[in-house]
Amino acid sequence: MASRSAEVSRKTKETDIAVSVHVDGTGISDMSTGVGFFDHMLDQLSRHSLIDITVKAKGDLHIDDHHTVEDTGIAIGQALAKALGERRGIMRYASIDLAMDETLTRAAIDVSGRPFLVWNVAFSSPKIGTFDTELVREFFQALAQNAGITLHVTNHYGANNHHIAETCFKAVARALRAALERDPRQPDAVPSTKGSLKG
């Protein structure tokens with residue numbers, strides 16, 4: 001089977017980002033964005049999806065973290081889309097309710113080629129340490145748009161904002177892992193009556 005791997009570089013006046021992904025990996029991550037909390041969340045995304053992900057990002061952090069987080073989501077999404085190609089043989093759909101202590105979050109995914117994000121997550125604080133909580137949504141919006149996936153994320157409940165953010169990343173990771181698994185019953189088929197998952 002063809003290796004589902006890709007590299008993407010993205011350079012603008014605001015950021016300089018290099019990303020590599022290996023979909024059939026073991027969850028090895030190497031993150032360097034200059035944003036500690038974000039690196040921690042990306043480690044969770046890699047570890048629980050079993051997608052090997054490397055991110056090297058330099059951004060205008062003297063302004064804030066926004067461009068670095070959003071552009072990293074764009075680059076990872078583009079790399080996933082490139083690695084998946086025609087999306088042959090994937091399971092395509094997956095959903096999971098993921099618990100972490102007092103928090104429960106659901107992620108549902110359709111690797112459809114049609115980007116869409118439904119975001120039902122609220123934070124009680126604008127910050128987790130120095131990290132803007134609104135950037136969690138910005139990352140997943142960029143990821144979904146550029147990977148060509150429909151993504152629904154709902155936080156059912158939770159009190160700790162770190163836990164809420166972390167369950168979002170872990171739930172999406174686990175749903176991605178299941179949706180991108182190879183389907184042994186149709187290993188070379190595009191799972192769509194249209195015969196295409198290009199949007």
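Q: Lys and Arg count as positive here, and Asp and Glu as negative. By that count, how many side chains of each kind does the protein have?
A: In this predicted model, 22 side chains are positive and 25 are negative. The centres of the two sets lie 7 Å apart.

Q: What makes the protein as compact as a globular protein of its length?
A: The globule rule is 2.2 Å times the number of residues to the power 0.38. For 199 residues this gives 16 Å, and the radius of gyration of the protein is 16 Å, close to that value, so the protein is as compact as a globular protein of that length. The C-alpha trace spans about 45 × 40 × 30 Å along its principal axes.

Q: What is the order of helices and strands along the sequence?
A: The pattern reads β-β-β-α-β-α-β-β-β-β-β-α-β-α, which comes to four helices and ten strands.

Q: What share of the residues is called buried?
A: A residue is buried when its relative accessible area is under 20%. Of the 199 residues, 51% are buried.

Q: Which residues of the largest nonpolar core touch the most other members?
A: They are V21, L45, I76, F139, F140 and V172, in a core of 56 residues. Helix α4 (residues 161-180) gives the largest share of this core, eleven residues. In soluble globular proteins, nonpolar side chains tend to be buried together.

Q: How do you know that L45 is in contact with F139?
A: Contact means heavy atoms within 4.5 Å. Leaving aside neighbours within four places in sequence, the residues in contact with L45 are I53, F139, F169, V172, A173 and L176, so F139 meets this cut-off.

Terms used:
Residues numbered from 1 in each chain as written. Predicted model: local features only at pLDDT ≥ 70, side-chain atom pairs only at ≥ 80, totals over all residues. Heavy atoms only, no water. Helix = DSSP H or I, 4+ residues; strand = E, 2+ residues; numbered from the N terminus. Buried < 20%, exposed > 50% of the residue type's maximum accessible area, 1.4 Å probe, protein only. Charge placed at Lys NZ, Arg CZ, Asp CG, Glu CD. Core = buried A, V, L, I, M, F, W, Y, C linked by side-chain atoms within 4.5 Å.
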